[in-house]
Structure formats: structure tokens, C-alpha cells
Amino acid sequence: VVDQNGDNRLLPLLQPLRDAGMAVQHLRQAQRHAGRARNAGADAARAALLAFPDDDAWYEPQTLAAALAALQAHPQADGLVGHWVELAAPAPRLDLPSWRRFRGGDASMVTLFVRRQAFVAVGGFDERLGPGAWFGGGEETDLLLRSLSRRGCWVHDPAVRVHHASQAACPLSVAQCLARARGTGALYARHRLPAWVVLRGLLAPVLLPWRHGLTPAQALATAAGRAQGLLAWWWRHGRGA
């Protein structure tokens, strides 16, 4: 458990697990940064399979067993994308061309299960991306793009069920939309996505906000954030860095 709270609120939750015989490691980090926390947790973990549930996500009793069984059935796979129950999205297309067009579907952080060896091979999460960074999103998409670019193989199994409140139930503030969109803009530059994909990503939130479930303010923030992220990544890191 990577704890980024400034107090001891997790101690009463961890002690019963230890009392039950679980070997719980409690790592503290002063700075709130999702990618850094996940990398630290992955480095401390010892199992061959890694997963990254949020603090407000939860698994069904058979979720982990189903994930293990699915990866055992696909020994060539680097990772697995489970099913986000509340989102009820169609099965993702886990090939590089689809993801470079941003047409791969949903592969949210909470649904990812990845083999340690594959995670280490791509360098884990890029800590320049995601909550806690200025480029405040896109870290799981970046991980998949880097893995698929290395000819990594990912599979989907709807039996691996993960629960998490949908965005409609927990709407983002305008500031959150702006930060997350900067992460998406960074992906445009870093992965050298086609110009038409970038143009679509900049215009769609403003021209078709209802398709994305955005208010006018959220739509403007999303478009502006993507443009900011694209230009800032080019300025700071160059293309493909």
C-alpha cells in the first residue's frame, strides 16, 4: 500500500489485514503523484503479476483468480485488460494501429493486469504523465502504446470484472479536465500520432461535446488542455522523447 496521506488514517485499515496473516507493506510518500506511487508499489511487490486498483475501485471475489486463469491461458500475453462493470463498454481492440488512432476502446488503469517482466521492460509508468504531474493524464494509454510499439501482446477477458464509479457519477471539475487533457496532448507529440488524429482530438470536444458527456466549460478546457499538452511536450521534450 503506497500511502500519500499526511496522517495515519490507513493504519486502522492495515492492521486487521496483518492480523489475518497478510504480508502488507506500507510505503509512505510525501508527494501525491499517482505514477510515482504505482512505480514504487510495483518495485516493492514480488509477485509475477501486477495490478493497479484505485483507492475507490474494488474487485469481485473471483476477479484475481479470473485474471490469473486468463493469463495462464494466454502465455504469450504481456498483460490483460479486464471489464469495467459500471462503464459497460464494448471489448477493446488491443492492437497498435487502433491505439494510434485512439480507437482502441477502454483500457482504464483499474482494469489493467500486467506481467512484471513486461512492465519492467517498458520502464513502468512515465512519471511525467498522470495525476500529480503537469501532464495530468494519459499514463495508462502511454504504457499500452509503448508496450504495443514493442510488439507486446495484450488480451481482454470480460470475466475479469472490476468495479469503479463511472465518470458520470463523479464528474470532473474544469481544472481536472484541463490537467487530464494536457496528458492526452502529450501523447499526441510523444507517440507522433497522425495529424488527423490530433486535429480530431482538438476539435471534437468543442464541436461534439454531448458525445463525450461534457459541459461547455469542460469541453473548452479539454480542447485547450490538449493543445497545451501537445505544444508543451514538443517544447520540453521534443517529439518521441
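Where in the chain is the place of Gln-29? In this predicted model, Gln-29 sits in the loop between strand S2 (27-28) and helix H2 (34-44), and the report starts from that residue before turning to the sheet, the helices and a few single residues.

## Gln-29 in its loop

Although Gln-29 belongs to a loop, the residue is buried, because its relative accessible area is 17% and the limit for that class is under 20%. Once its neighbours within four places in sequence are left aside, Gln-29 is in contact with Val-2, Asp-3 and Gln-4, and also with Arg-36, Ala-37 and Ala-40.

## The five-stranded sheet

Five strands make up an open sheet with mixed pairing, and their order across the sheet is S3-S6-S5-S7-S4. Strand S3 (49-51) and strand S4 (57-59) take the edge positions with a single partner strand each, so that one side of each has no neighbour in the sheet. Direction ignored, neighbouring strands of this sheet are turned by 35° against each other on average. As a general point, strands of a sheet pair through backbone hydrogen bonds, and the pairing can be parallel or antiparallel.

Both kinds of pairing can be followed from strand to strand. Strand S5 (residues 79-84) and strand S6 (residues 112-115) run antiparallel and are joined by three bridges; here Leu-80 stands opposite Phe-113 in S6, and Val-81 stands opposite Leu-112 in S6. Towards S7, by contrast, S5 runs parallel, and five bridges join the two strands. Val-81 is also found opposite His-156 in S7, while His-83 has Arg-161 as its bridge partner in S7. S4 and S7 run antiparallel and are joined by three bridges, with His-163 in S7 serving as the bridge partner of Trp-58. As for solvent, S5 is mostly covered, with six of its six residues buried.

## Helix H3 against the sheet

Helix H3 (residues 63-73) packs on this sheet and touches S3, S4, S5, S6 and strand S7 (154-164). The direction of H3 makes about 175° with that of S7.

Thr-63, which lies in helix H3, offers a residue-level view of this region. With a relative accessibility of 2%, Thr-63 counts as buried, and beyond its neighbours within four places in sequence it is in contact with Phe-113, Val-160, Arg-161 and Val-162. Two of these partners also appear in the strand pairing described above: Phe-113 of S6 stands opposite Leu-80, and Arg-161 of S7 is the bridge partner of His-83.

## The packing of H8 and H9

Helix H8 (residues 195-207) packs with helix H9 (residues 216-237) at an angle of about 155°, and their axes are 7 Å apart. Since angles over 145 degrees count as roughly antiparallel, that value makes H8 roughly antiparallel to H9.

From H8, the contact is made by Val-198, Gly-201, Leu-202, Pro-205 and Val-206. From H9, the contributing residues are Ala-219, Leu-220, Thr-222, Ala-223, Arg-226, Ala-227 and Leu-230. By residue class, the contact of H8 with H9 consists of nine nonpolar, two polar and one charged.

## Two loop residues with positive phi

Phe-102 is not a glycine, yet it has a positive phi of about 55°. This residue is placed in the loop between helix H4 (96-100) and S6, and its relative accessible area of 26% makes Phe-102 partly exposed.

Arg-151, likewise not a glycine, has a positive phi of about 65°. Its place is in the loop between helix H6 (139-149) and S7, where Arg-151 is exposed, with a relative accessible area of 80%.

## Cysteines and disulfides

In general, a disulfide is a covalent bond that links the sulfur atoms of two cysteines. The structure holds zero disulfides. For a reader considering individual cysteines, Cys-153 counts as partly exposed at 24% relative accessibility, whereas Cys-177 is buried, with a relative accessible area of 6%.

Note on methods:
Residues numbered from 1 in each chain as written. Predicted model: local features only at pLDDT ≥ 70, side-chain atom pairs only at ≥ 80, totals over all residues. Heavy atoms only, no water. Axes fitted to C-alpha atoms, helices over the stretch in contact; angles between N-to-C directions. Helix = DSSP H or I, 4+ residues; strand = E, 2+ residues; numbered from the N terminus. Parallel < 35°, antiparallel > 145°, perpendicular 65-115°, else oblique. Contact = heavy atoms within 4.5 Å. Nonpolar A, V, L, I, M, F, W, Y, C, P; charged D, E, K, R; others polar. Pairing = 2+ DSSP bridges. Buried < 20%, exposed > 50% of the residue type's maximum accessible area, 1.4 Å probe, protein only. Disulfide = S-S within 2.5 Å.
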